[in-house]
Amino acid sequence: MDEVTTARNKWALLIGIDLYPNLPGSDLSGCVADVMALSQLLNDRFAFPIENITILVDQQASRDIILG
């Protein structure tokens, strides 16, 4: 299988949550930055097409959106 065909079959869903509005005092730091860095790594090093990488951060990562 050639590299182009293989790349089209690579997909990633990356979720990073730093902010937890319903749990005061439990916010994190670095989770969003980690998924951004991982996205770049997947694209640069492992030939994931950027359009096949979905990134959800903080409020975007609701249950409905993840399952949707």
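1. Ile66 sits in helix 3 of what is a predicted model, and with a relative accessible area of 34% this residue counts as partly exposed. Setting aside residues up to four places away in sequence, Ile66 touches Ile15, Leu56 and Ala61. Two of these names return in the pairing of the strands, since the bridge partner of Ile15 in strand 2 is Leu56. A further distance may be noted for orientation: Ile66 and Pro21 are 45 residues apart in sequence, and their C-alpha atoms lie 18 Å apart in space.

2. On the overall arrangement, the protein chain holds 3 helices and 2 strands, and from the N terminus on its elements follow the order α-β-α-β-α. The radius of gyration is 14 Å, well over the 11 Å that the globule rule gives for 68 residues, so the chain is more spread out than a compact globule. The C-alpha trace spans about 50 × 25 × 15 Å along its principal axes, which a reader may wish to keep in view alongside the radius of gyration.

3. Some totals for the protein chain belong with that picture. Of its 68 residues, 25% count as buried, and the accessible surface comes to about 5100 Å², with 58% of it belonging to carbon and sulfur atoms. Among contacts with a separation of 6 or more, 56% are accounted for by residues 24 or more positions apart.

4. The two strands deserve a point of their own. Strand 1, residues 12–16, pairs with strand 2, residues 53–57, in the parallel sense, and the pairing runs over 5 bridges. Between these strands the chain passes through helix 2, residues 31–46, and the resulting β-α-β crossover is right-handed. Within the pairing, Leu13 stands opposite Thr54 of strand 2, while Ile15 has Leu56 as its bridge partner in strand 2.

5. The two faces of strand 1 are unlike in their cover: Ala12, Leu14 and Gly16 make up the covered face, whereas Leu13 and Ile15 make up the uncovered one. In a regular strand the side chains alternate between the two faces of the sheet. On the uncovered face, Ile15 is nevertheless one of the residues touched by Ile66, a residue of helix 3. On the covered face, Ala12 and Leu14 are members of the largest nonpolar core.

6. That largest nonpolar core has 8 residues, namely Ala12, Leu14, Val32, Val35, Leu42, Phe48, Ile53 and Val57. Strand 1, helix 2 and strand 2 are the elements that give two or more residues to this core, and helix 2 gives the most, with 3 residues. One of the core members, Ile53, touches Ala12, Leu14, Ser39, Leu42, Asn43 and Phe48 when residues up to four places away in sequence are not counted.

7. Ser39 is worth examining next to this core. The residue lies in helix 2 and counts as buried because its relative accessibility is 7%, under the 20% limit. Outside the residues up to four places away in sequence, Ser39 touches Leu14, Ile50, Ile53 and Ile55. Leu14 and Ile53 among these belong to the largest nonpolar core.

8. The loop between helix 2 and strand 2 contains Pro49, which counts as buried at 15% relative accessibility. Leaving aside neighbours within four places in sequence, Pro49 is in contact with Ala7, Arg8, Lys10 and Asn43. For Arg8, 41 residues away along the chain, the C-alpha separation from Pro49 is 7.0 Å. Asn43 is also among the residues touched by Ile53.

9. Two residues other than glycine have a positive phi and should be checked by eye in the model. Ala47, with phi near 60 degrees, is found in the loop between helix 2 and strand 2, and at 28% relative accessibility this residue counts as partly exposed. Asp58, with phi near 45 degrees, lies in the loop between strand 2 and helix 3, and at 16% relative accessibility this residue counts as buried.

Note on methods
Residues numbered from 1 in each chain as written. Predicted model: local features only at pLDDT ≥ 70, side-chain atom pairs only at ≥ 80, totals over all residues. Heavy atoms only, no water. Pairing = 2+ DSSP bridges. Helix = DSSP H or I, 4+ residues; strand = E, 2+ residues; numbered from the N terminus. Right-handed = clockwise from strand over helix to strand, strands pointing away. Buried < 20%, exposed > 50% of the residue type's maximum accessible area, 1.4 Å probe, protein only. Core = buried A, V, L, I, M, F, W, Y, C linked by side-chain atoms within 4.5 Å. Contact = heavy atoms within 4.5 Å. Rg over C-alpha atoms; globule rule 2.2 N^0.38 Å. Areas by Shrake-Rupley, 256 points an atom, 1.4 Å probe, with all protein chains shown as cover.
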